[in-house]
Amino acid sequence: MSMFKDIPVEVGVIYEGERIRRNDMQIELGGPSVDKKFEIAKVKPMDQIEDGRVFIVGPDIKDLKEGGVYPLGILIEAAGVQLDAGLEGVIERRLHGYLNYIEGFMHLNQRYDIWMRIGKKSFQKGLNSFEIVGKVLYRLFKNELSIIEKLQITFITDQTKINEYYSEALASYEARDAKARGLKDSEVDTFYGCVLCQSFAPSHVCVITPQRYSNCGAISWFDGKASASIDPKGPIFAIPRGEMINEEKGEFSGINETAKKRSMGEVTKVWLYTAFDHPHTSCGCFEAVTFYIPEVDGFGIVQRNFKGATVNGLPFSTLADSTAGGRQIDGFHGMSLEYMRSSKFFAADGGWNRVVWVPKEVKEKVKDFIPKDIIDKIATEEVAKNIDELKAFLKDKNHPIVAKWVTEETTPTTATTEDETMPVMTASTLPISAGGFRIILTDAKIYASKVVIKKDETKAEKR
Ligand code: SF4
């Protein structure tokens, strides 16, 4: 039974986290193969909003061919005496939760990177128009955010119209992000947490501080503050900073306590400014992944829309799978592009001096925040397509990491204590099944003098 009698599919929290595979989809909207797409919220004067109106610009769901991939822009325009532009980011991010409440509707990512699918079964049940999707959104927004008095929603599938709005949307995102720059973590006594992504990553808790933007890149510290003040029981909440435990790594007692409580005990320690040991958890909506490259002792970074293989031979999707799901994986880190503009960006690991490879597109976006003496020493896909080319480039440019190699090469390699070796495998939780028992190792680090990788012949034969 649907939450709304006049809506042909069910609507409810239980549908959050529902995945729709390619074979089961009626249509895909946005996603990796569509260049320009967006979702944005705008606060408008009361007299500019037609309350409850849903506009469709371009073909509707029922007019789009089954199995096809199409561009989409969503514009949410809201008005209310207590609303101001500072709440636009908060309203916009609610789209992720509300659209996922709809049975057979999958919404991933954010802002310029949205990716949606409508399932065949829900389409056959009657979910065949943006008018219906808009009606659901309107009711959920009005029910859950009473501060919104009037709301109109526009769905755009016409690529020319999307292109017209696109640069305006990008400029709005940038203006929002810029507002949060400059404020320091040490200058506030409250951070904010978000658990919107727990439907896909149950142990994930985003910790949003002035100097560490949310993983999705859609919620700044100011957005967190605004959201917690209008809806304190909602998915975004205040985290008292508590005691500073480790300034260099960014460990605070308030964050540890909240992470433990909100992750049901899975995450007990979060270090904000490092990718090692207890990195911030990675959900699935992150804009980019940082991956440790042991051969050069540096970080590679790759963004969601990067096509093809990175310098270690793996594409974004594989690297993202290695860290997603709310886990803390040593050396891997899902994050926003805005975090790369922070002076706390991997500060405990060497910051930009530890970064060795970044796609050209990302480098261009954050170039004003990369120290001048290192920017030309960081490789891109144009100069390094594999580890050998990367090593040669770093040596040639005298990247600061090269000095570390020299030190390490001259140090005796025989390890005498555990701390001097590198683990061959680390995992925040590692389940093992043996003798009818299930054993879960927490914060596991496995050391071995030799690793043997063998093909499983039985499985290979079965396939
Ligand atoms: S990535 Fe973080 S801030 Fe963004 S929606 Fe998910 S949990 Fe919230």
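Before I show anything, let me say what a pair of strands is here: two strands pair if DSSP finds at least two bridges between them. The model we are looking at is a predicted one, and I would like to walk through its two sheets.

Let me start with the sheet made of 3 strands, which is open, has the order β10-β9-β11, and shows antiparallel pairing. Its edge strands are β10, residues 206-208, and β11, residues 236-240, each of which pairs on one side only. From one strand to the next, the twist averages 35°. Strand β9, residues 190-194, is joined to β10 by 3 bridges, and the two run antiparallel; if you look across at β10, you will find V207 opposite G193. Packed on this sheet is helix α6, residues 253-262, which touches β9, β10 and β11 and whose direction makes about 140° with that of β11.

Now to the other sheet, which is also open, where 4 strands come in the order β2-β5-β8-β3 and the pairing is mixed. Here the edges are β2, residues 38-43, and β3, residues 54-57, each with pairing on one side only. Ignoring direction, neighbouring strands are turned against each other by 15° on average.

Within this sheet, β5 (residues 73-79) and β8 (residues 150-156) run antiparallel and are joined by 7 bridges, and E77 faces Q152 in β8. Helix α3, residues 130-144, packs on the sheet by touching β3 and β8, with its direction at about 150° to that of β8. Helix α4, residues 159-180, lies across β2, β3, β5 and β8, and runs at about 65° to β2.

How values were computed: Residues numbered from 1 in each chain as written. Predicted model: local features only at pLDDT ≥ 70, side-chain atom pairs only at ≥ 80, totals over all residues. Axes fitted to C-alpha atoms, helices over the stretch in contact; angles between N-to-C directions. Contact = placed C-beta atoms within 7 Å.
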